[in-house]
Amino acid sequence: MRGLAFIFRNRVCPSRGGGYNVRILLAVLVCILALFDGQPLNAGDFWPIDIRKIKERGKIIVTQYSGEQPGFFAFDEVGEYPNQPFYISQTDSLVDKDLTKTIRYQVTDAHLHYVDFLQNSEGVEALLKAMNRAGVGHAMLNGLPLVKKWNAVDPRKPLYYLADDSRTYWYSATDILVAQTVKSLPEADRKKFHPFICGFNPTDRNAIDHVRRMYEWYPDLWEGIGEIQTRHDDLAALTYGEQARANHIALDPVYTFAAKHDLPVCIHSDISSVWVHEPLYLHEMEEAVKKHPKTRFIWTHAGISRRITVPSLVQVLRRMLKIFGSIFPGWFTLCM
Ligand SMILES: [Zn+2]
């Protein structure tokens, strides 16, 4: 399959998850398509031109709007108005919400971090409970490749990357946390998770070595690579070392490995900076996708982050969809 698309070995449907309360990252989304502040648009306006393609695969699409239309929405493809999204929750977070009455299908979460920026988690039992409450039957599962440092001068331990000005550093053991957690589960629960390798520095040309090592150490466990952290507003600014980007030479062998082993690549790649509201860095994502036509990409947050605003994003996404086919971007209110 070419371009920006997302299927876990044909077993999991496209979806994406909502937040956590600082510790656990519950995930509830399905495939989330961007949300944009500022422009009063009708609920259906954001949907990609080829929405039908996605729907034909029998998936639910959930999105979240901020600004004019806060809340989470879904399509009911067998209902009277299959192209009209309906509210599943008029809130800004799906954490601890019982959605079993409003979501009528099994949900798959395509973007779930098991740990926070200190590599802590409330644990897999809490996660499974939260998934059940939200109607999530399957979830992509990854750690976080970055740790927030606690500096000597800081009196309070920072719990989130934005909590203070300390830096974040690359941390590979996050993959071990995920692998051990998934392997510890009974078969029935284990099947619900689709683990991804993410614990590498995407600016290091040795990154592929870590991916290969994980793949060898845990054969038959991994089902994808990512979420690769590249441009990500303040997080990128706080991270030690070279700026990561989707078209970095270090990622070429990773993308090639992913295609060869049928592993979708989940990537965070902002298209702009906090201060500039134009798609400054869109070409990075485009180049990566063009150069690796056999690699499937999951573009989380559709090129934006908490503090990135690009008024032309809808047009950008439509164009990307036209060029690359199906795209399943996500947007995270509580992205970690
Ligand atoms: Zn993420």
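A residue counts as buried here if 20 or more other C-beta atoms lie within 10 Å of its own, and this cut-off is worth keeping in mind while moving through the model, which is a predicted one.

**Strand β8**

Begin by selecting residues 193-197, strand β8, where 5 of the 5 residues are buried, so that the strand is largely enclosed by the rest of the structure. With side chains displayed, Phe 193, Pro 195 and Ile 197 point one way from β8, while His 194 and Phe 196 point the other way, and all are buried.

**The neighbours of β8**

Add residues 136-141, strand β5, which pairs with β8 in the parallel sense over 3 bridges; within this pairing, Met 140 has His 194 of β8 as its bridge partner. Then add residues 224-229, strand β9, which also pairs with β8 in the parallel sense, here over 2 bridges, and look for Phe 196, which stands opposite Gly 224 of β9. To follow the chain between these two strands, select helix α5 (residues 207-217), since β8, α5 and β9 together make a right-handed β-α-β unit.

**The whole sheet**

Now widen the selection to the open sheet of 6 strands, whose order is β4-β5-β8-β9-β10-β11 and whose pairing is parallel. The edge strands are β4 (107-109) and β11 (297-300), each of which pairs on one side only. Direction ignored, neighbouring strands of this sheet are turned by 25° against each other on average.

**From β9 to β11**

Continue along the sheet from β9 to β10 (265-268), two strands that pair in the parallel sense over 4 bridges, with Cys 266 in β10 as the bridge partner of Gly 226. Next comes β11, which runs parallel to β10 and is joined to it by 4 bridges; in this pairing Val 265 stands opposite Phe 297 of β11. The connection from β10 to β11 passes through α8, and this β-α-β crossover is right-handed. Although β11 is an edge strand, both of its faces are covered, with Phe 297 and Trp 299 buried on one side and Ile 298 and Thr 300 buried on the other.

**Helix α2**

Return to the other end of the sheet and select residues 124-134, helix α2, in which the buried residues are Leu 127, Ala 130, Met 131 and Ala 134. These residues cover an arc of only 100° around the axis, which puts them on the same side of α2. An α-helix has 3.6 residues a turn, so residues three or four places apart point the same way. The buried residues of α2 pack against β4 and β5, and the helix is followed by Gly 135, whose phi is positive, near 75°.

**Helix α7**

For a second helix, select residues 252-260, helix α7, and display Val 254, Tyr 255 and Ala 258, which are buried. They cover an arc of only 95° around the axis, which puts them on the same side of α7. Showing α5, β9, β10 and α8 (282-291) alongside brings up the elements against which the buried residues of α7 pack. After α7 comes Asp 262, where phi is positive, near 60°.

**The nonpolar core**

Which residues have the most contacts inside the largest nonpolar core? This core has 59 residues, and those with the most contacts inside it are Leu 141, Phe 196, Ile 225 and Val 265. Centre the view on Leu 141, which, leaving aside residues up to four places away in sequence, touches Leu 112, Tyr 114, Val 178, Val 182, Phe 193, His 194, Pro 195 and Phe 196.

**A loop residue**

Select Tyr 160, whose place is in the loop between β6 (146-148) and β7 (168-170). Is this residue buried or partly exposed? Tyr 160 has 13 other C-beta atoms within 10 Å, and it is therefore partly exposed. Tyr 160 and Val 147 are 13 residues apart in sequence, and their C-alpha atoms lie 9.4 Å apart in space.

**The full chain**

Finally, zoom out to the chain as a whole, which has 9 helices and 11 strands. Of its 336 residues, 49% count as buried. Among contacts with a separation of 6 or more, residues 24 or more positions apart account for 75%.

Terms used:
Residues are numbered from 1 along each chain as its sequence is written. This is a predicted model: local features need pLDDT of at least 70, side-chain atom pairs count only at pLDDT 80 or more; totals for chains, interfaces and linings use all residues. A residue is buried if 20 or more other C-beta atoms lie within 10 Å of its own, exposed if 12 or fewer, and partly exposed in between; C-beta atoms are placed from the backbone. Two strands pair if DSSP finds at least two bridges between them. A crossover is right-handed if, with the strands pointing away from the viewer, the path from the first strand over the helix to the second runs clockwise. The arc is that of the directions from the helix axis to the C-beta atoms. Two residues are in contact if their C-beta atoms, placed from the backbone, lie within 7 Å. Axes are lines fitted to C-alpha atoms, for helices over the stretch in contact, and angles run from 0 to 180 degrees between N-to-C directions. A nonpolar core is a set of buried Ala, Val, Leu, Ile, Met, Phe, Trp, Tyr and Cys residues joined through C-beta atoms within 7 Å.
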